[in-house]
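Q: Please take a close look at one part of this structure, the salt bridge within one of its helices. Then set that part in the context of the rest of the chain.

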Amino acid sequence: MLFLVALVLWPFAHLVAAAAKGGGGAWRTVLAAGRYRNALVNSLVLSAAAASAAVLLSLVPAWVLARERFPGRRLLRAVMALPLSFSGVLVGFLMVVMLGRIGAVTELLRWLTGRALLSGAAYTATGLFAAYLYFEVPRAVLTLEAAFRRFPPELDAAARTLGAGTRDRLLRVRLPLLAPALRSSLALTFSASMGSFGVALILARRFTVAPVEIYTELTGFLNDAVAGALCLLLALATLAVDRLLAADGRGRGGVADASARARTPHGRRAPGRGAAR
């Protein structure tokens, strides 16, 4: 409770008080000005796209790390986790080095094609999206790996015994059981992307996002009211998406529930006609 009050409720109360200065004029400013609305919409769209892509890209490596045994497995996991130790500012500079106006990828493409392809792409929405993926894919892989490790293999074996092919087992056994873990990973990566500041501060030139606008208003213009209103809208949008994903999974059994059911006496019975259907 002390942690909750000191580090959550007290700062949140200060944000509400700052946004309420001037009789709610900050809210009208944020909602009326296209600059702030665009920044909020950009944050939502970019975070949703990065979170969805990160979860999709992490499915295969997470499954391999969780279910397969091969030489170098621990080294691969350590390499996957390495980007999580980098700060956002460092990731932003890495993206500039790779996709800046004279970045490594740009110079390689110039040498291969004679044209400066992707020059300055680091400062566009594409560069920011790539930077988000850089640290969101490892986060999603490590999150899903733990869930995939708990997947009960006897259920997949039972489906195979009943004649289900690879596609049917994926769509009717694996994905439904792993859906809660997928939603949790999606919510985690979305929240991290919405609050990402360092990488956006370095790369956001032609494409602005809400954290950069908050930083600008607070440090450049000392506008606590507008910065507070933007912070609250950003937090409410993140919380709404998180609750929406949690509500979709409420009442549906996950991997742990399915594993528990599979170990009951009823789950060990020979599949009858109803089970075959």
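A: Arg 139 forms a salt bridge with Glu 136, and their closest N and O atoms are 3.0 Å apart. This is a predicted model, and the distance is a computed one. Both residues belong to helix H7, where they are 3 residues apart and therefore separated by about one helical turn.

The two partners differ in how they are covered. Glu 136 is buried, with a relative accessible area of 0%. Buried means under 20% relative accessible area, so the value of 0% for Glu 136 falls within that class. Arg 139 has a relative accessible area of 24% and counts as partly exposed. The partly exposed class lies between under 20% and over 50%, so Arg 139, at 24%, belongs there. As for the pairing itself, side chains of opposite charge can pair when their charged atoms come close.

Helix H7 covers residues 125-149. Its axis and the axis of helix H9 (residues 166-194) come within 10 Å and cross at roughly 155°. Angles over 145 degrees count as roughly antiparallel, and H7 and H9 are therefore roughly antiparallel to each other. The crossing in which H7 passes H9 is right-handed. Arg 139, which is placed in H7, can also be related to a residue further along the chain: Ala 192 is 53 residues away in sequence, and the C-alpha atoms of the two are 9.6 Å apart in space.

The pair in H7 is part of a wider set, as a search of the whole structure finds 6 salt bridges. One of them joins the side chains of Arg 110 and Glu 107, with a distance of 2.2 Å from N to O. These two residues lie in helix H6 (residues 104-113), again 3 residues apart, which is about one turn of the helix. Here Arg 110 is partly exposed, with a relative accessible area of 31%. Glu 107 is partly exposed too, at 33%. In the H7 pair, by comparison, Glu 136 is buried.

Another salt bridge is formed by the side chains of Arg 243 and Asp 242, at 3.0 Å from N to O. Arg 243 has 44% relative accessibility and counts as partly exposed. Asp 242 is also partly exposed, with a relative accessible area of 23%. Beyond these pairs, salt bridges link Arg 77, Glu 145 and Arg 149 in a network.

The loops offer a separate kind of local detail, in the backbone. Most residues other than glycine have a negative phi. Leu 118, in the loop between H6 and H7, has a positive phi, near 60°. Leu 118 is partly exposed, with 46% relative accessibility. Leu 222 also has a positive phi, of about 50°, although it is not a glycine. Leu 222 lies in the loop between H11 and helix H12 (224-249), just after H11. At 68% relative accessibility, Leu 222 counts as exposed.

Helix H11, which comes before Leu 222, spans residues 210-220 and has buried residues of its own. They are Ala 210, Pro 211, Val 212, Glu 213, Ile 214 and Glu 217. Charged and nonpolar side chains thus appear in one list, with Glu 213 and Glu 217 beside Val 212 and Ile 214.

At the start of the chain there is a nonpolar patch on the surface. Met 1, Phe 3, Leu 4, Val 5, Leu 7, Val 8 and Leu 9 form this patch, and together they have about 730 Å² of accessible area. One of them, Val 5, lies in helix H1 (residues 2-19). Val 5 is partly exposed, at 41% relative accessibility.

The chain as a whole has 14 helices and 0 strands. Read from the N terminus on, its elements are therefore α throughout. Of its 277 residues, 37% count as buried. Glu 136, the partner of Arg 139 in the salt bridge of H7, is one of the buried residues.

Key
Residues numbered from 1 in each chain as written. Predicted model: local features only at pLDDT ≥ 70, side-chain atom pairs only at ≥ 80, totals over all residues. Heavy atoms only, no water. Patch = residues over 30% accessible without salt bridge, like charges linked within 9 Å, V, L, I, M, F, W, Y side chains within 5 Å. Areas by Shrake-Rupley, 256 points an atom, 1.4 Å probe, with all protein chains shown as cover. Salt bridge = Lys/Arg side-chain N within 4 Å of Asp/Glu carboxyl O. Helix = DSSP H or I, 4+ residues; strand = E, 2+ residues; numbered from the N terminus. Buried < 20%, exposed > 50% of the residue type's maximum accessible area, 1.4 Å probe, protein only. Axes fitted to C-alpha atoms, helices over the stretch in contact; angles between N-to-C directions. Parallel < 35°, antiparallel > 145°, perpendicular 65-115°, else oblique. Left-handed = near helix turned anticlockwise from the far one by under 90°.
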